[in-house]
Amino acid sequence: MARDAVNAEIVKDMLCAYGIDARVEQDNTWAGAAALPASLAPRVSVADPDERPRARELIDAFEQGPVDSGNAWTCPGCSESIPGQFDRCWLCDTPRTE
Ligand SMILES: [Zn+2]
């Protein structure tokens with residue numbers, strides 16, 4: 001799924017915010033990590049198979065483009081800052097109103 005450590009952490013946090021039990025898996029030590037091929041980068045895994053299709057949708061939305069803070073919107077329900085590619089708040093599920 002996510003191909004670098006930073007995105008893996010962001011994706012994991014996003015999935016957890018949606019109530020999906022996700023974690024970042026690292027198959028290797030991080031000594032000399034910069035030289036590792038992408039295939040060894042940490043991956044996000046979802047514990048519950050029933051939640052994987054939903055997780056995949058969320059990750060697809062996330063990966064449609066880089067997070068663009070210029071498009072971010074602030075949730076009217078909980079004041080969370082949400083990246084522009086999402087139409088709903090990932091914390092409280094309030095639809096985007098802008
Ligand atoms: Zn919210």
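## Largest pocket

In this predicted model, the lining of the largest pocket consists of four nonpolar residues, five charged residues and no polar ones. The residues that line the pocket are Tyr18, Arg54, Glu57, Leu58, Ala61, Phe86, Asp87, Arg88 and Asp93. The space inside the largest pocket amounts to about 150 Å³.

The largest pocket lies between two domains, because domain 1 (5-64) and domain 2 (67-98) both contribute residues to its lining. Asp93, one of the lining residues, belongs to the segment after S4. Asp93 has a relative accessible area of 40% and is therefore partly exposed, since exposed residues are those over 50% and buried ones those under 20%.

## Overall fold

The chain contains two helices and four strands. Their order along the sequence is α-β-β-α-β-β. Of the 98 residues in the chain, 32% are buried. The accessible surface is about 5900 Å², and carbon and sulfur atoms hold 49% of that area.

Among contacts in the chain with a separation of 6 or more, 42% join residues 24 or more positions apart. Two pairs described below, Met14 with Trp90 and Leu91 with Ala17, are examples of residues far apart in sequence whose C-alpha distances are given.

## Helix H1 and the C-terminal segment

Met14 is part of helix H1 (residues 5-17). With a relative accessible area of 2%, Met14 is buried. Apart from residues up to four places away in sequence, Met14 touches Leu58, Ile59, Phe62, Phe86 and Trp90. Two of these, Leu58 and Phe86, also appear in the lining of the largest pocket. The C-alpha atoms of Met14 and Trp90 are 7.1 Å apart, while 76 residues separate the two in sequence.

Leu91 sits in the segment after strand S4 (81-82). Its relative accessibility is 48%, so Leu91 counts as partly exposed. From C-alpha to C-alpha, Leu91 and Ala17 are 5.7 Å apart, with a sequence distance of 74 residues. When neighbours within four places in sequence are set aside, Leu91 is in contact with Ala17, Cys78 and Glu80. Ala17 belongs to the range of helix H1 (residues 5-17).

## The loop before S3

Ala72 is located in the loop between helix H2 (52-63) and S3. Ala72 has 30% relative accessibility and so counts as partly exposed. Outside its neighbours within four places in sequence, Ala72 is in contact with Ser81, Ile82, Pro83 and Gly84. Ser81 and Ile82 fall in strand S4 (81-82). The C-alpha atoms of Ala72 and Ile82 are 5.4 Å apart, and the two residues are 10 positions apart in sequence.

## Residues with positive phi

Ser79 is not a glycine, yet its phi is positive, at about 70°. Ser79 is placed in the loop between strand S3 (73-74) and S4. Its relative accessibility of 57% is why Ser79 counts as exposed.

Asp93 likewise has a positive phi, of about 65°, without being a glycine. Asp93 follows S4 in the sequence and, as noted for the largest pocket, is one of its lining residues.

Methods:
Residues are numbered from 1 along each chain as its sequence is written. This is a predicted model: local features need pLDDT of at least 70, side-chain atom pairs count only at pLDDT 80 or more; totals for chains, interfaces and linings use all residues. Side-chain values use heavy atoms; hydrogens and water are left out. Buried means under 20% relative accessible area, exposed over 50%, partly exposed in between (1.4 Å probe, protein chains only). Contact means heavy atoms within 4.5 Å. Accessible areas come from the Shrake-Rupley method with a 1.4 Å probe; for residues, only the protein chains shown count as cover. On a 1 Å grid over the protein atoms alone, a cavity is a set of points where a 1.4 Å probe fits but cannot get out, and a pocket is an open set with protein on both sides within 12 Å along at least five of seven lines; lining residues have an atom within 4 Å of a point. Grid points are joined across faces, edges and corners, and a volume is the space filled by probe spheres set on the points. Ala, Val, Leu, Ile, Met, Phe, Trp, Tyr, Cys and Pro count as nonpolar, Asp, Glu, Lys and Arg as charged, and the others, Gly among them, as polar. Domain bounds come from an automatic or database domain assignment.
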